[in-house]
Amino acid sequence: MPRSRRNYPLAKAEHPASRNKGELRPVIEFLLFGALITAVFFLLFQTIYRIQYTPTGIFFDFATSIIQGQMPYRDFALEYPPFSLLFFILPRLLTDQWIIFSVLYQMETWIFALLGLWYVYKIARRLGKSPWQLMAPYTAGILVIGPIIGQQYDIFPAVMTLISVYYFWTGKHKTAWIWLALGVMTKLYPAVLAPVYLIIYLKNRQIRPLISGVAAFGIVCLSILLPFLIAGPQYLMSLVDYHSLRNIQLESLYSSILLVCYKTGLLQVSLSYEFGSWNLAGSLANILTSLSVYVQGASLLLVYFFIWRQVKPGKSQFTRCGLYFILVLAVLLFTSKVFSPQYIIWLLPALPLVFSQGRRVIWTIFGLIGILTYLIFPVNYLKLLELETVPVILLFLRNILLVAMAAMALKALNTFKSSG
């Protein structure tokens, strides 16, 4: 139960077990899982379970351009929000050699993976649970996502989202919104989680924290965007144009359906390389590209309406938040016209926050999604570009499993009575 319905929509009293700082076992569990993640990053991901493609060269070039005095969006194209540049610039300040930069960059992703583990540990202690119960699915999630987690930068906004949820739960609303803003300014997707916060506020009539939190969110976003707005808003609009003009990506659900139809002889498809990815081209692909915006918008509205019906005034929602976020993010992913393999990292922080009876099924589905994603990219990606049957089937199964994951979250929320 919240301490104050007006001020703490998610807050829950700390369990007595978490106050016993003398307990050694939870600390040992944290250190063991931290060591396991370290071994996965620097041993497993560098040897038998590795990836031969890396975007770190692109990140290196972005950082080099900035150090040379160029302005992002104006002087060179950038598809990411501006706060992402921080994570490219930091390792570049220490070296002008790409090989060393790549190592330093992977160390950044490792540090954030451990930061995420630390907040999972804090959540477990606050709930009075053995930390391994939450750290195990988090660590397993890193393992099944694979080496791409150390090559891309999606772990940064993912962990920022987890931190935001933690502070929202503990009643530190402005801090929660600041972290959410940093996540949005790193990669736009965390913005779809903001309505979940708003729903909980409104259902509990939390007007003051709503206003202060949204204000903090807006101030942070504006502060980060301000230099680019001053340089010229039209340049910043290139970020919007970049994403709005993209066609359906090869790995999206829409694409996988068309590819199955192609393999069964129902239609013809062709590929094109634009906006840094392989996409489907043709009249039907163009139609689906246009429709995808409306499909995604309508789907998310339905999800938010469902969550609105789920939230009960005066009840802590923390044990349901993992399911809320899995539902929102899974729907966002399978209705999007773009679905790069690293996007599954977005779901990682939600895995340890699932407390319903169906959690093992959800974890299993995510594991299969991670394995299939790795088999598609990098293992069979060249064969997928040749439109061979096996990778097309793997892609279709991966995307259907994402739909199944959303369906399982819906089912779990309908049957999960506890909102403590």
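Start with F42, which counts as partly exposed at 32% relative accessibility. Keep in mind that you're looking at a predicted model. F42 has a ring partner in W110, and the two meet edge-to-face, with 5.3 Å centre to centre and 75° between the planes. W110 is on the other side of the burial cut-off: its relative accessible area is 19%, so with buried set at under 20% it counts as buried. What does this pair tie together? F42 sits in helix α2 (residues 25-42) and W110 in helix α5 (residues 98-127), so the contact links parts that are 68 residues apart in sequence.

That's one of 43 aromatic pairs in the structure. Another to pull up is W177 with F217, again edge-to-face, at 5.7 Å centre to centre and 85° between the planes. Here W177 belongs to helix α9 (residues 173-186) and F217 to helix α11 (residues 207-231), so this pair ties together parts 40 residues apart in sequence. Are these two rings buried or exposed? W177 is buried, at 2% relative accessibility, and F217 counts as buried as well, at 18%.

Rings also meet charges in this model. R398 lies over the face of F339, 4.1 Å from the ring centre. In the case of K122, the charged end sits over the ring of Y119, at 5.8 Å from its centre.

Now for a bit of strand. β1 (residues 270-274) and β2 (residues 277-281) run antiparallel and are joined by 5 bridges. Within that pairing, S272 stands opposite N279 in β2. The two strands make a hairpin with 2 residues between them, and F275 in the turn has a positive phi of about 55°.

Next, the empty space. Rolling a probe the size of a water molecule over the atoms shows where such space is left. How many cavities of 30 Å³ or more turn up? The count comes to 3. The largest cavity has a volume of about 60 Å³, and its lining includes T161, F325, W346 and P349. Two elements, α8 (155-169) and α15 (318-334), each give two or more residues to that lining, with α8 giving the most, 4 residues. By class, the walls hold 10 nonpolar residues, 1 polar residue and no charged ones.

The second largest cavity holds about 50 Å³ of space. Among the residues lining it are I51, I145, G146, P341, Y374 and F377. Helix α16 supplies the largest share of this lining, 4 residues. Once more there are no charged residues, with 8 nonpolar and 2 polar making up the lining.

Finally, turn to the second largest pocket, where about 350 Å³ of space lies. It's lined by 18 residues, and the ones nearest its centre are Q133, L134, P137, R359 and W363. The elements giving two or more residues to the lining are α6 (131-145) and α16 (359-379). Which of the elements gives the most to this pocket? That's α6, with 8 residues. The class breakdown of the pocket lining is 12 nonpolar, 3 polar and 3 charged residues.

How values were computed: Residues are numbered from 1 along each chain as its sequence is written. This is a predicted model: local features need pLDDT of at least 70, side-chain atom pairs count only at pLDDT 80 or more; totals for chains, interfaces and linings use all residues. Side-chain values use heavy atoms; hydrogens and water are left out. On a 1 Å grid over the protein atoms alone, a cavity is a set of points where a 1.4 Å probe fits but cannot get out, and a pocket is an open set with protein on both sides within 12 Å along at least five of seven lines; lining residues have an atom within 4 Å of a point. Grid points are joined across faces, edges and corners, and a volume is the space filled by probe spheres set on the points. Ala, Val, Leu, Ile, Met, Phe, Trp, Tyr, Cys and Pro count as nonpolar, Asp, Glu, Lys and Arg as charged, and the others, Gly among them, as polar. Rings of Phe, Tyr and Trp (its six-membered ring) pair if their centres lie within 6.5 Å; planes under 30 degrees apart count as stacked, over 60 as edge-to-face and the rest as tilted. Buried means under 20% relative accessible area, exposed over 50%, partly exposed in between (1.4 Å probe, protein chains only). A charge sits over a ring if NZ of Lys or CZ of Arg is within 6 Å of the ring centre and within 35 degrees of the ring normal. Two strands pair if DSSP finds at least two bridges between them.
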